Amino acid sequence: MIEFRSPRPEEIGEVVDLINYVFRVSSGMEPTMGRQFPTLLCPDNASNIYVAVDDGKIIANIAIKKNTGIVYGHKISMASMGAVCTHPDYRGKGIGTQLLNKVFDRLNEEKVGIVTISGTRGLYRRNKCVEAGGINTYVLNREKYSYRDLDGTGYKISQHIDDTGVLFDIYQREPVRYQRTRSEFPVLLKAVPMVHPPVDALTTVLAYSEGKDGAGLAYLIGFEDKPGVFKVVEYAGERLAAAWLAGKLLDDAGMNEIIFEVPTYDTVFSSILDSTGKKGELSYYPSTTVRVVNIESLWSEIQNIIDEMWGDGKPPFAIEDLPENVCHDDLETLTRFLFADVDRLSCGKPWDRVFPIPLPWPNGLNYI
Ligand SMILES: CC(C)(COP(=O)(O)OP(=O)(O)OC[C@H]1O[C@@H](n2cnc3c(N)ncnc32)[C@H](O)[C@@H]1OP(=O)(O)O)[C@@H](O)C(=O)NCCC(=O)NCCS
């Protein structure tokens, strides 16, 4: 009989072997999953990992990293899900589905409001996960890019950042982000979790001010996706300085194109990049689905955001107070209303001003 449980800390090695086999070794790649997800696939996180076991052998896995989203200063209890796999000999028997629903039940008991999943496949969609968020993708081209002549601002560029504390200080000021500790930052940066197939290291460029204390202003973290094409996986800080950094990569680092995925809530950066001539292309957060797991917890946490942004009149107190065209009993519709910024149903003001609630960017250093 198949048993569903968390692995014991000493079984983590066997879990990582299964994950490496499914995601790396079976496609001819190096077994890098443990190195790429050091805070997820480790004995300390064993109680947030869920496995199916057949006769003592681990045959399926779902790994969770609990995290706190911070949206305009308000906390949201979140979790990221990844490394979802079933050994090929056991697929198509409903084991993945059972394990997934057990994980949702557990997260619900633990009062986690929302889980983001790296994947959009049928397994997730059949189980109330939906695409959400919204990004504008910009491909900045060397010939046409115009944010270069800002040298009078006193911006300086640094490519050798020994002290990641300066990056931490910039990220911590972001209005929509994950709670990420000063000591986690270098660990995640070194791990390169979000690049498939894996690369050895990410490139980080930092803009700092020439002023008296040389304060960090903005950073871009990314990698050369194809020759001459730099894909930014995470940016933070002062947006004009971030745009200037992109110009430096085009001019001084020999890049032909820079790819930015800019969340739709970041209207400041979008308007800067729009003014270079080419609009971004709108899509959901790529390769991601979202599932509300404990609606009561989530609602009470986002209530503060709603109250603050509402304006005149009484803000909605309960989920039932949401507009009539949002079906509250249907989790998928509700999740889209709360968090999706593509193909939105217009509900008029103030609803359209408050919703969607921004979600932290899932494909940066916190990628699972
Ligand atoms: C994805 C994976 C974990 C599914 O595990 P599993 O134990 O076979 O899952 P289940 O048997 O519960 O069901 C999954 C599959 O059975 C079929 N299936 C099950 N119930 C179904 C239903 N009601 N209707 C249609 N198809 C169904 C589907 O093909 C489904 O795969 P899908 O997600 O591509 O639609 C497994 O195929 C795997 O390890 N794949 C490789 C790793 C991977 O891609 N992981 C996901 C990363 S996003």
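**View 1. Val192 in the loop between H6 and S9 of the predicted model**. Val192 is found in the loop between H6 and S9, where helices (H or I, at least four residues) and strands (E, at least two) are DSSP runs numbered from the N terminus. Although not a glycine, Val192 has a positive phi of about 50°. Val192 is buried because its relative accessible area is 0% (buried means under 20% relative accessible area, exposed over 50%, partly exposed in between, with a 1.4 Å probe and protein chains only). Residues are numbered from 1 along each chain as its sequence is written, and side-chain values use heavy atoms, leaving out hydrogens and water. In this predicted model, local features need pLDDT of at least 70 and side-chain atom pairs count only at pLDDT 80 or more, while totals for chains, interfaces and linings use all residues.

**View 2. The cis peptide bond before Pro197**. The bond from His196 to Pro197 is cis, with omega near -10°. Pro197 lies in the loop between helix H6 (184–191) and strand S9 (203–209).

**View 3. The cis peptide bond before Pro350**. Omega is near -5° for the bond from Lys349 to Pro350. The loop that holds Pro350 runs between helix H10 (331–339) and helix H11 (351–354). Most peptide bonds are trans, and most residues other than glycine have a negative phi.

**View 4. Lys128 in the loop between H4 and S6**. Phi of Lys128 is positive, near 70°. The loop ends at strand S6 (135–141). Lys128 counts as partly exposed because its relative accessibility is 37%.

**View 5. The shell around the ligand**. The ligand is surrounded by 19 residues, the closest being Val84, Gly92, Gly94, Thr97 and Arg121 (a residue is near a molecule if one of its heavy atoms lies within 4 Å of it). Helix H1 (12–23), strand S4 (74–86), helix H3 (95–109) and helix H4 (122–125) each supply at least two residues of this shell.

**View 6. Polar contacts of the ligand**. Polar contacts here are pairs of N or O atoms within 3.5 Å. A polar side-chain atom of Thr97 is 2.4 Å from an oxygen atom of the ligand. For a backbone N or O atom of Lys93 the distance to a ligand oxygen atom is 3.2 Å, and for an N or O atom in the side chain of Arg91 it is 3.3 Å.

**View 7. Tyr171 in helix H5**. Helix H5 spans residues 165–172. Tyr171 counts as buried because its relative accessibility is 6%. The C-alpha atoms of Tyr171 and Tyr235 are separated by 8.4 Å, with their positions 64 residues apart along the chain.

Methods
Polar contact = N/O pair within 3.5 Å; in protein donor to acceptor, adjacent residues only side chain to side chain.
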